[in-house]
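Visitor: Please give me a close look at a single part of this model. I should like to know how it sits against its surroundings, with the criteria behind each term.

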Amino acid sequence: MGVLYPVVVVLGVAIAPHLLTVFGLTERLVPAGRPAESMAFLTSAVVGGQALSLAAAGRLAEAHGPFAAFAAFAVGAAAAILALALGTPARRPAATQVAAAPAGSGR
């Protein structure tokens, strides 16, 4: 089990920026009343996308070795996420206004 710890850490470092970017962009872009539905859909899409890319990477690894598969998909995914992040307009949340205390409330 001790050998698996560094492997999981390396994989987490490779995957975490992707997940943080995708879920962060989704949180910013979905309507206020639909975050749960959007996150459920996104989670399913991420799993489906990973399944398809793993199938393609397996074929590429068989044909050209594991380095070629990792390089092609890691670089391709990083470029796609960067393009998505740079191409998405930054929306700032509307300033929250503090309501005045009701008359007679003692505030």
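Guide: What follows is an account of the first helix and the packing around it.

This is a predicted model, in which local features need pLDDT of at least 70, side-chain atom pairs count only at pLDDT 80 or more, and totals for chains, interfaces and linings use all residues. Residues are numbered from 1 along each chain as its sequence is written, and side-chain values use heavy atoms, with hydrogens and water left out.

The protein has three helices and zero strands, and from the N terminus its elements run α-α-α. Helices (H or I, at least four residues) and strands (E, at least two) are DSSP runs, numbered from the N terminus. Of the 107 residues in the protein, 11% are buried; buried means under 20% relative accessible area, exposed over 50%, and partly exposed in between, with a 1.4 Å probe and protein chains only.

Two packed helices are described by the angle between their axes and the distance between the axes. Axes are lines fitted to C-alpha atoms, for helices over the stretch in contact, and angles run from 0 to 180 degrees between N-to-C directions. Helix 1 (residues 4–29) and helix 2 (residues 35–64) have axes that come within 10 Å and cross at roughly 150°. The two are therefore roughly antiparallel; angles over 145 degrees count as such, under 35 as roughly parallel, 65 to 115 as roughly perpendicular and the rest as oblique. Helix 1 passes helix 2 in a right-handed crossing. A crossing is right-handed if the near helix is turned clockwise from the far one by less than a right angle, and left-handed if anticlockwise.

On the side of helix 1, His18, Leu19, Val22, Phe23, Thr26 and Glu27 meet Ser38, Met39, Leu42, Thr43 and Val46 in helix 2, where contact means heavy atoms within 4.5 Å. The residues of this contact of helix 1 with helix 2 divide into six nonpolar, four polar and one charged. Ala, Val, Leu, Ile, Met, Phe, Trp, Tyr, Cys and Pro count as nonpolar, Asp, Glu, Lys and Arg as charged, and the others, Gly among them, as polar.

Phenylalanine 23 lies in helix 1. Not counting residues up to four places away in sequence, phenylalanine 23 touches Met39, Leu42 and Thr43. Its C-alpha is 7.4 Å from that of methionine 39, although the two are 16 residues apart in sequence. With a relative accessible area of 25%, phenylalanine 23 is partly exposed.

Helix 1 also packs against helix 3 (residues 66–87), at an angle of about 30° with the axes 11 Å apart, which makes the pair roughly parallel. This crossing of helix 1 and helix 3 is left-handed. The contact joins His18, Thr21, Val22 and Leu25 of helix 1 to Ile81, Leu84 and Ala85 of helix 3. The residues of that contact of helix 1 with helix 3 divide into five nonpolar, two polar and no charged.

Beyond these contacts, the structure holds one salt bridge, meaning a side-chain nitrogen of Lys or Arg within 4 Å of a carboxyl oxygen of Asp or Glu. It links the side chains of arginine 34 and glutamate 37 at 2.7 Å, N to O. Arginine 34 is partly exposed, at 43% relative accessibility.
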